[in-house]
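Open the model in a viewer and keep the sequence panel beside it. The stops below can be followed in order, each one starting with a selection.

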Amino acid sequence: MDVKPAVLLCAATLFFAFNNVALSHENAAAPPAALASPRQNDPPVLIENVRIFDGISPDLSEPSNVLLRGSVIAQVSREKINVDGAQVIDAGGRTLMPGLIDAHWHSMFVGVPVAVALTQDTGYLNLVAGVEAGKTLMRGFTTVRDLGGAVFGLKVAIDQGVIPGPRIYPSGAMISVTSGHGDFRSMSDLPRTLGAPASRHDIVGDSAIADSPDEVRLRTREQLMRGATQIKLTGGGGVSSPHSPLDVVTFTEAELSAAVAAATDWGTYVAVHAYTPAAIQRALKAGVLSIEHGSLMDDETAAMLARSGAWLSTQPFPDALAEVFPPGSDEREKALEVFAGTDRTYKLAIKHQLKTAFGTDILFSSQLAEQQGKILASLGRWYTPAQVLKMATSGNAQLLKLSGARNPYRGDLGEVREGALADLILVDGNPLQDLSLVGDAERKFLLIVKDGVLVKNALVK
């Protein structure tokens, strides 16, 4: 046989085999909403006798009944609902509310110490992340916006039902400049060749180094190709990164604008890590739609943020989070400086009526991750319980909608109403009166429903 035809035949066979696998994978990884129709044969779920916090109103409803079909809320009624073959759950007058949303989460980094995250085998890190995802869901967080990490495989496993976990809106690699927040290289890794991968983290996909508008555009498009729902850039210094003082401003406006243009072409948006006024203002000038943290901003910057219409995705950092870094370390000192700005940031957000999202940004500690609900409840220092719960449900859901056509979950989250996706929590008590209930998921969350599936049912005797 002539060698060339044989080679061509082999190449063609591999091409078609690869594409068949890719198509099979794409269909298998379809989002839960797309998988709703085969589940229409599942018995409906009827939750009777609940008072509803719908994600918007500051008041609970009158006693009501809620019918779930497939992955959606099919009916909400104060009148009795009769459905043949339904699984009926008597809620006993308890509170039904939307599943919680954490708008700043790091699925790949939450369960391990920083040294392990930087050095351990990726298979191990994925296994730990899978375990942590299940724990996250059982705390009532049915959705997370992941702001940095090689999380795409975990997302597919959750969406396919291989393991339990929250819906994930992934950013993929957080994009950083050389020496910026996200650059964890040692000095021996320098210099790099422009355009070449910078380190193991670059190759794995946890972070990506970019030092020109062209590189930023390339890195942005890489994450979009992988399935990113939004793009994350680090526009200023960070706490956990060893080479970036808090006061530095990293990306130029031209570099930020390159990311914004590439993301906009794909119908989505850019979120930028920024603490200081200079970093925040530069990001806003470039058209960034979500400022992550903003912990050191001033009144002028808050006013500019309000005028821009962009979101402030900030976090009520607990002091214990600083303890993941060694005493006396530069990282711990930076953490304490950032945490000292939390009160002022929330007061500025209220003063300027900023569109404010709730997230936790818990890193490197499975024990701290267990406090996710308590961190949400700590917002009661600045907001009413109804405002807090709205922020973590329908409010955060509005931020997620900025991903537009890149949104992998078709349907509305964060609300209890007909037609919305069935992500729900049954609370033993009234969280509009006692916000601390959301910090005690193990005892107080009796039902947790994600995508119409009861992932927890503590009412079963």
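Which residue of strand 8 does T143 stand opposite? Select T143 and look across to strand 8: the residue facing T143 is R167. The model is a predicted one, and the tour starts from this pair of strands.

**Stop 1: the sheet around T143**

Select strand 7, residues 141-146, together with strand 8, residues 167-170. The two strands pair in the parallel sense, over four bridges. Now add strand 6, residues 100-105. The result is an open sheet of three strands, in the order 6-7-8, with parallel pairing. Strand 6 and strand 8 are at the edges with a single partner strand each, so one side of each has no neighbour in the sheet. From one strand to the next, the twist averages 15°.

Next, show helix 14, residues 385-400. Helix 14 packs on this sheet and touches strand 6, strand 7 and strand 8. The direction of helix 14 makes about 50° with that of strand 6.

**Stop 2: R167 and its partner**

Stay on R167 and display its side chain. Which residue does R167 meet in a salt bridge? The partner is D451, with 3.3 Å from N to O. R167 belongs to strand 8, while D451 sits in the loop between strand 17 (445-450) and strand 18 (453-457). The pair thus links distant parts of the chain, 284 residues apart. Are R167 and D451 buried or exposed? Both are buried.

**Stop 3: helix 6**

Select residues 213-226, which make up helix 6. Show the side chains of R219 and E222: they form a salt bridge, and the closest N and O atoms are 2.9 Å apart. R219 and E222 are separated by about one helical turn, because they are three residues apart in helix 6. R219 is buried, with a relative accessible area of 10%, whereas E222 is partly exposed at 23%. The cut-off that divides them is 20% relative accessible area.

Then pick Q223, also in helix 6. Q223 has a relative accessibility of 1%, so this residue counts as buried. Leaving out residues up to four places away in sequence, Q223 touches F152, S171, G172, A173, A228 and I231.

**Stop 4: the loop after helix 14**

Go to the loop between helix 14 and strand 16 (424-427), where both K401 and D412 are found. Their side chains meet in a salt bridge, 3.0 Å from N to O. K401 and D412 are eleven residues apart. D412 is partly exposed at 22% relative accessibility, and K401 is also partly exposed, at 38%. Add E415 and R417 to the selection: K401, D412, E415 and R417 are linked in a network of salt bridges. For the whole model, the count comes to 16 salt bridges.

**Stop 5: aromatic rings**

The count of aromatic pairs comes to four. For one of them, select Y346 and W382, a stacked pair with 4.5 Å centre to centre and 25° between the planes. Y346 lies in helix 11 (residues 342-351) and W382 in the loop between helix 13 (372-377) and helix 14, so the pair ties together parts that are 36 residues apart in sequence. Y346 is buried, with a relative accessible area of 0%. W382 counts as buried too, at 15%. Include Y383 as well: Y346, W382 and Y383 form one aromatic cluster.

**Stop 6: the nonpolar cores**

Which residues have the most contacts inside the largest nonpolar core? Select L233, V270, I291, L376 and L379; the core they belong to has 93 residues. Centre on I291 and show its surroundings. Apart from neighbours within four places in sequence, I291 is in contact with V272, A274, I280, A283, L284, L305, W311, L312 and S313. A second, separate core has 18 residues, including I47, I73, L426 and L447.

**Last stop: the whole chain**

Zoom out and colour by secondary structure. The chain has 15 helices and 18 strands. Of its 461 residues, 56% count as buried. Among contacts with a separation of 6 or more, 69% are between residues 24 or more positions apart.

Conventions
Residues numbered from 1 in each chain as written. Predicted model: local features only at pLDDT ≥ 70, side-chain atom pairs only at ≥ 80, totals over all residues. Heavy atoms only, no water. Core = buried A, V, L, I, M, F, W, Y, C linked by side-chain atoms within 4.5 Å. Buried < 20%, exposed > 50% of the residue type's maximum accessible area, 1.4 Å probe, protein only. Contact = heavy atoms within 4.5 Å. Salt bridge = Lys/Arg side-chain N within 4 Å of Asp/Glu carboxyl O. Pairing = 2+ DSSP bridges. Axes fitted to C-alpha atoms, helices over the stretch in contact; angles between N-to-C directions. Phe/Tyr/Trp six-rings, centres within 6.5 Å; stacked < 30°, edge-to-face > 60°.
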